[in-house]
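Reader: I have a model open in front of me and would like to talk through how its chains fit together. Could you walk me through it, one question at a time?

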Amino acid sequence: MPRKPSVITLTTDFGETDHFVGAMKGVILSLAPEATVVDISHQVTRYDLLEGAFTIWQAYRYFPKGTVHVVVVDPGVGTRRRPILAEAGGGHRFVGPDNGVFSLVLSGPESEKAKVRELTARKYWRAEVSRTFHGRDVFAPVAGHLARGIRPSLMGPVIEDWVRLASGGAEPVRTGKHFWTGVVLKVDHFGNLVTNFRPDDFPALRNAAFSMQVGLRQVNLVVETYARIPAGEVAIVEGSSGCLEVCANQASAAAMLGVGPGAPVELTM
Amino acid sequence: MPRKPSVITLTTDFGETDHFVGAMKGVILSLAPEATVVDISHQVTRYDLLEGAFTIWQAYRYFPKGTVHVVVVDPGVGTRRRPILAEAGGGHRFVGPDNGVFSLVLSGPESEKAKVRELTARKYWRAEVSRTFHGRDVFAPVAGHLARGIRPSLMGPVIEDWVRLASGGAEPVRTGKHFWTGVVLKVDHFGNLVTNFRPDDFPALRNAAFSMQVGLRQVNLVVETYARIPAGEVAIVEGSSGCLEVCANQASAAAMLGVGPGAPVELTM
Amino acid sequence: MPRKPSVITLTTDFGETDHFVGAMKGVILSLAPEATVVDISHQVTRYDLLEGAFTIWQAYRYFPKGTVHVVVVDPGVGTRRRPILAEAGGGHRFVGPDNGVFSLVLSGPESEKAKVRELTARKYWRAEVSRTFHGRDVFAPVAGHLARGIRPSLMGPVIEDWVRLASGGAEPVRTGKHFWTGVVLKVDHFGNLVTNFRPDDFPALRNAAFSMQVGLRQVNLVVETYARIPAGEVAIVEGSSGCLEVCANQASAAAMLGVGPGAPVELTM
């Protein structure tokens with residue numbers, strides 16, 4: 001019975017002007033010629049661990065169980081930061097540096113049974129490992145071997161002290177009876193400000209009136225989809241990521257409000 | 001006998017900085033693991049239906065018959081605009097919003113027998129449909145089911161009143177005995193101004209002298225390929241899309257003339 | 001016994017805003033539905049043959065033997081420049097214009113037995129060949145036929161006078177007892193200045209003290225990886241490409257020094 005082809009996803013801050021991503025794919029396909037390699041994004045802001053963490057967290061759940069997700073946002077490449085492999089998210093595998101980039105994936109309820117391993121078995125790496133490109137020399141070959149069916153338990157020992165991002169970005173903070181402080185996790189391609197307020201975690205947001213202060217603007221209007229926002233206005237939309245977003249209609253809320261990733265969001269309810 | 005793998009193409013205005021395209025591919029591969037998913041472009045100008053229409057119109061014909069082409073340029077997502085599936089272009093399938101983005105595909109001679117259906121059978125969508133990301137929740141799963149062999153007739157009823165773009169962009173207008181007014185459909189990556197004058201539709205353009213007014217420049221020189229254009233000049237070339245283009249040699253005609261998409265083109269013959 | 005799927009890579013200066021790359025993939029998949037098509041980069045600087053040559057030279061070696069690498073950086077498309085097919089690099093195949101873009105691939109030790117053919121057998125091209133898009137009409141179909149198993153010897157005769165780039169960029173020049181002049185081959189996505197000094201070719205660089213003058217800066221510090229560079233400083237790192245790079249730590253050395261591709265590098269040892 002033919003096995004389904006394995007899927008390997010790639011998320012990096014490598015951009016698309018260099019040979020970096022191509023080299024990783026070559027390494028993967030040399031080991032696992034039947035694998036389907038999918039780009040999530042190579043435009044993560046350079047060195048931005050939280051953005052990388054958010055991107056893979058949003059994308060992984062739509063892939064088949066068993067998918068191997070390689071994430072390389074890796075300012076500490078070549079230092080003593082460890083390479084890791086996480087089994088998490090309900091049947092997914094994650095490969096990358098131990099620098100917090102899997103913090104969101106590992107914090108969710110699907111990851112209660114997560115198992116994280118330090119990659120130590122060098123036989124599953126390239127024979128020569130550069131000090132500056134572990135995406136090609138460590139993470140891509142490990143993904144290729146996983147796609148071929150090598151078991152994670154052969155790759156290295158389980159560890160508990162993997163790195164968590166200090167600001168997991170996952171949770172707003174209550175600052176008063178009616179006040180919460182959150183953050184803009186990301187500005188998407190359309191200029192929508194994706195916040196860390198998730199109605200699934202704050203059911204009151206679906207039933208009570210609330211407003212958000214972002215930049216200098218107090219936003220009260222809550223609508224169901226972008227096309228309902230009056231021209232020139234911004235409004236709050238529950239986005240496809242499950243997060244509240246501050247949005248405009250065919251325009252960039254980020255440009256209109258002059259704010260970007262990391263900006264504070266004050267919610268009053 | 002193994003079937004050939006199905007091909008699914010993606011054309012969107014989603015950019016490549018977010019997880020959006022990755023999520024769509026995950027949905028597709030979860031349903032149709034053997035499918036080959038090909039990106040046409042995710043850099044369609046935000047909300048630009050004509051550019052999206054032009055991009056898929058130029059690309060689809062080079063793919064195998066039976067290919068499913070998903071196009072998501074969708075400013076009205078979440079409103080009452082309908083999701084559609086078109087069988088057109090001589091054996092191709094097109095999935096996306098009913099907002100005119102398939103106007104060019106559906107206007108050609110290959111599409112005389114086109115059949116357009118409203119997507120209504122929610123069993124072929126994701127169980128939960130967000131109001132802001134039908135690419136992931138409606139169009140990707142429909143494409144996946146089509147690739148698996150589900151018949152279009154199960155997806156929804158045939159409709160006739162699908163939306164046409166007012167300026168299909170397909171046809172120049174005759175404005176005098178010797179005069180036609182057309183438009184710059186697109187500025188390509190090299191700065192070439194792609195017009196809607198197609199010599200196949202105006203055979204006289206191959207035999208008679210003519211000139212084009214674009215911006216402030218009257219262009220008389222017609223050459224066969226870019227490298228024949230003198231340095232610092234612009235000239236008319238019959239491009240690979242079948243359209244006349246105003247071009248420069250290793251330089252951007254758009255920058256030299258200071259014009260962009262939508263600019264009028266006056267042809268005198 | 002099923003054959004492994006063939007791999008075809010694409011490297012172009014086409015960008016990602018047009019249908020160009022999509023059309024090439026459609027042509028390939030129409031001929032070779034089982035092929036795995038991999039993008040190396042479509043962001044080669046327009047018309048920059050040296051950058052294209054460097055990109056494919058860095059990437060090809062990580063792919064399985066037998067891979068077909070299509071490179072289209074082609075300012076002379078439609079003129080009498082020849083289309084070629086090179087068997088080189090120890091079992092790889094390269095398809096593209098005869099304009100020097102394969103100079104680096106063909107100059108290495110793995111290519112001593114390289115064989116270059118002019119593509120003349122038009123039966124392996126599209127029936128209609130435009131004058132401006134040989135990527136779609138010549139190179140993609142040739143790659144598709146190669147992936148299907150057509151032998152190179154059927155595609156055209158061996159030639160010896162294929163075009164070499166005058167500045168192959170491969171070799172620094174000795175300008176004095178202690179002095180060499182090299183060049184910045186490329187600025188990568190992170191702003192690292194990739195030079196043409198390769199320690200494998202200059203073993204002394206691994207054992208003796210040396211410094212590099214780049215722009216107005218004399219750089220003496222040599223470190224093993226980016227994270228070892230003090231904030232605000234630049235240093236020399238032996239990069240993953242085997243070339244010495246001038247780098248900063250989570251910052252762009254190119255921006256800090258104000259230099260770009262083609263800038264001279266003076267090495268003193």
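**Salt bridges and chain contacts**

Author: Happily! In this predicted model, the side chains of Arg136(A) and Asp137(A) meet in a salt bridge, with 2.7 Å from N to O.

Reader: Is Arg136(A) buried or exposed?

Author: The cut-off for buried is under 20% relative accessible area. Arg136(A) falls under it and so is buried, its relative accessible area being 4%. Its partner Asp137(A) also counts as buried, at 0% relative accessibility. For Arg136(A), then, the word is buried.

Reader: What is the distance between the closest N and O atoms of Arg136(C) and Asp137(C)?

Author: Let's look at both partners in chain C. Arg136(C) counts as buried at 4% relative accessibility, and Asp137(C) is buried at 0%. They form a salt bridge, and its closest N and O atoms are apart by 2.7 Å.

Reader: Which residue forms a salt bridge with Arg81(A)?

Author: This is a pair in which both residues are buried. The closest N and O atoms are 2.7 Å apart, within the 4 Å that a salt bridge allows. The partner of Arg81(A) is Asp74(A).

Reader: Where is Asp74(C) found in chain C?

Author: Asp74(C) is buried, with 10% relative accessible area. Beyond its neighbours within four places in sequence, it is in contact with Arg81(C), Pro97(C), Asn99(C), His134(C) and Phe139(C). As for its place in chain C, Asp74(C) lies in the loop between strand 3 (68-72) and strand 4 (83-88).

Reader: How many salt bridges does a search of the whole structure find?

Author: Side chains of opposite charge can pair when their charged atoms come close. The pair of Arg81(A) and Asp74(A) is an example, at 2.7 Å. Over all chains, the search finds 36 salt bridges.

Reader: Good, now to the chains themselves. What rotation superposes chain B on chain A?

Author: Two copies of a chain are related by a rotation about an axis and a shift along it. For chain B and chain A the shift is 0.0 Å and the RMSD is 0.0 Å, with a rotation of 120°. That is the relation of a three-fold axis. The rotation asked for is 120°.

Reader: Which residue of chain B comes closest to that rotation axis?

Author: The position here is that of the C-alpha atom. At 4.9 Å from the axis, the residue of chain B that comes closest is Thr36(B).
The copies use different surfaces, since 3% of the contact residues of chain B recur in chain A. So the name to remember at the axis is Thr36(B).

Reader: How many residues of chain B are in contact with chain A?

Author: The area buried between the two chains is about 2,800 Å², and carbon and sulfur atoms give 56% of it. His19(B), Tyr47(B) and Thr132(B) supply 22% of the area that chain B buries there, more than any other three residues. On the side of chain A, 33 residues take part, and on the side of chain B the count is 30.

Reader: Which residue of chain B forms a salt bridge with Glu224(A)?

Author: Across the interface of chain B and chain A there are two salt bridges. In the one with Glu224(A), the closest N and O atoms are 3.1 Å apart. The residue of chain B is Arg131(B).

Reader: Which helix of chain B gives the most to the side that touches chain A?

Author: Between chain B and chain A, 14 residue pairs are in polar contact. The element that gives the most to this side of chain B does so with eight residues, and it spans residues 20-31. That element is helix 1.

Reader: And turning to chain C, which strand of chain B gives the most to the side that touches it?

Author: Here 33 residues of chain B are in contact with 30 residues of chain C. Two salt bridges are counted between these chains, and in one of them Asp18(C) meets Lys186(B) at 3.1 Å. Elements that give two or more residues to this side of chain B include helix 2 (49-59) and strand 9 (179-187). The most, five residues, comes from strand 2.

How values were computed
Residues are numbered from 1 along each chain as its sequence is written. Chains are lettered from A and ligands numbered from 1 in the order in which they are written. This is a predicted model: local features need pLDDT of at least 70, side-chain atom pairs count only at pLDDT 80 or more; totals for chains, interfaces and linings use all residues. Side-chain values use heavy atoms; hydrogens and water are left out. Contact means heavy atoms within 4.5 Å. Buried area is the accessible area (1.4 Å probe) that two parts lose on being put together, summed over both. A polar contact is a pair of N or O atoms within 3.5 Å; within protein, one must be able to donate a hydrogen and the other to accept it, and residues adjacent in sequence count only if both atoms are side-chain atoms. Helices (H or I, at least four residues) and strands (E, at least two) are DSSP runs, numbered from the N terminus. Copies are superposed by least squares on the C-alpha atoms of residues with pLDDT of at least 70 in both. Buried means under 20% relative accessible area, exposed over 50%, partly exposed in between (1.4 Å probe, protein chains only).
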